[in-house]
Amino acid sequence: MANLLSGILTVALCAAAFLLAWRAAERENYRLALLLILAGALLLRVYAATDLFLHEWDERYHALVAKNMMDHPLRPTLYEHPVLPYNYQDWSGNHIWLHKQPAPLWFMALSLKLFGISEIALRVPSILLSTLAIWLTFGIARYYTDQKTALLAAFLHAIHGLAIELTGGRVATDHIDLFFLFFIELGIFFSVRFLRRPRWPASFLIGLSTGLAVLTKWLPALIVLPVWGLLAWGQLGWNKLLIHFLIIAGVAGAAFLPWQVYIFQVFPLEAAWEQSYNTRHFFEGLEGHEQAWYFHLEKMGRIFGELIYLPLAWFTYKRARQQFQGKRAD
């Protein structure tokens, strides 16, 4: 009953914050509107993160490794003192745990060190980054649209169900995916800032964000580089484009490569296995993840928000109409 009442109160307070944000936007007080959206989003995320238990798949594993890393941040362990034989190829039952990159685990370990051992302390970094990501969404949208549209984008991010669930550790890959989302978006945010002023500090920050994203969930984070390239294409000459690319790639490499070299030196068996396992994801459906070709279309509503099918249908219609009109003109 107490949980039900706190849930009702949370929804009521968030609805009030979002309503006040809408009214502030009508008065063109966009800064206040954004602050109110962030406040409502923070409240939703705090509520989702106050479950006083760890969730299955995969928060319990991440929490245990982060707790162990409080004492030895460069030695990630699952079973701290294995007394029985274990299979180092089994990420759910081994000793040295390299199944995920270390950045989110370091943040969680630091939070546990600062605030004590608790479920909420474990989730504090995700709460903060998940809320800050909404501000990044506003900043990116503001570059391309007006402030009201950017506020709408921030609001949709604020109430996005999957983002809230990840913050609370309620779904698989939980805080890891939340950190990954944040660092990727941070890299895109700095890429947009780069367009306004293409200087080396922006390139440095793009590279650092990308490197931290790689240190969160490996090489898919490099999506930031082609996105930056497409945004910067045509705005810089080839020489400057190449120089800035080298800065970005160099900083990113400096951020994530030392850990890769280190684990291959110190934990060669585990590192080699995880590297080969990561590569197999490109060619195999592992751990029961064999899915039909339409899997991602089916899951788009959950991943991007339930309204995603409306703009998808609209853009499909517009594109088909353009093609049809083009053929008629010919």
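K217 comes out as partly exposed, at 28% relative accessibility, and it makes a handy way into this predicted model. The partner of K217 is D177: the two form a salt bridge whose closest N and O atoms sit 2.4 Å apart. This pair links distant parts of the chain, with D177 in helix α8 and K217 in helix α9 (residues 200-217), 40 residues apart.

Helix α8 itself deserves a look. It runs over residues 174-196, and its 23 residues reach 34 Å from the first C-alpha to the last, close to the 33 Å expected at 1.5 Å a residue. Of those 23 residues, 19 are buried, so α8 is largely enclosed by the rest of the structure.

Stepping back, the chain is built from 14 helices and has zero strands. Its 330 residues would give a radius of gyration near 20 Å if they formed a compact globule, and the value for the chain, 22 Å, agrees with that. Along the principal axes, the C-alpha atoms fill a box of roughly 70 × 60 × 45 Å. Some 44% of the 330 residues count as buried. Looking at contacts with a separation of 6 or more, 67% of them involve residues 24 or more positions apart. As for the outside, the chain exposes about 18,800 Å², and carbon and sulfur atoms supply 67% of that area.

Back to the charged pairs: a search of the whole structure turns up four salt bridges. One of them joins D51 and R170, with 3.1 Å between the closest N and O atoms. D51 belongs to the loop between α2 and α3, and R170 to the loop between α7 (161-167) and α8, so this pair ties together parts that are 119 residues apart in sequence. The two ends are not equally covered: D51 counts as buried at 15% relative accessibility, while R170 counts as partly exposed at 35%.

Another salt bridge is formed by R123 and E59, whose closest N and O atoms are 2.8 Å apart. Since R123 lies in helix α5 (residues 119-144) and E59 in helix α3, the pair ties together parts that are 64 residues apart in sequence. Here both ends are hidden: R123 is buried with a relative accessible area of 0%, and E59 is buried with 0% as well. Helix α3 covers residues 59-69. Setting aside neighbours within four places in sequence, E59 also touches F53, L54, L122, G168, G169, D174 and H175, besides R123.

Near the start of the chain, A25 lies in helix α1 (residues 2-26) and is buried, with a relative accessible area of 11%. Beyond its neighbours within four places in sequence, A25 is in contact with Y30, A33, K148 and L151. Its C-alpha atom is separated by 38 Å from that of Q323, a residue 298 places away along the chain. Two of the contacts, Y30 and A33, are among the buried residues of α2, a list that also includes L44 and R45. Helix α2 (residues 30-48) has 19 residues, which should span 27 Å at 1.5 Å a residue; the end C-alpha atoms are 27 Å apart, in agreement.

On the surface, L152, L156, I159, L307 and L310 make a nonpolar patch of about 480 Å². One of these, L156, is found in helix α6 (residues 147-158) and is partly exposed, at a relative accessible area of 41%.

Definitions and conventions. Residues are numbered from 1 along each chain as its sequence is written. This is a predicted model: local features need pLDDT of at least 70, side-chain atom pairs count only at pLDDT 80 or more; totals for chains, interfaces and linings use all residues. Side-chain values use heavy atoms; hydrogens and water are left out. Patches are made of residues with over 30% relative accessible area and no salt bridge: like charges are joined within 9 Å, nonpolar side chains (Val, Leu, Ile, Met, Phe, Trp, Tyr) within 5 Å. Accessible areas come from the Shrake-Rupley method with a 1.4 Å probe; for residues, only the protein chains shown count as cover. A salt bridge is a side-chain nitrogen of Lys or Arg within 4 Å of a carboxyl oxygen of Asp or Glu. Helices (H or I, at least four residues) and strands (E, at least two) are DSSP runs, numbered from the N terminus. Buried means under 20% relative accessible area, exposed over 50%, partly exposed in between (1.4 Å probe, protein chains only). The expected span of a helix is 1.5 Å times one less than its number of residues. Contact means heavy atoms within 4.5 Å. The radius of gyration is taken over C-alpha atoms; the globule rule is 2.2 Å times the number of residues to the power 0.38.
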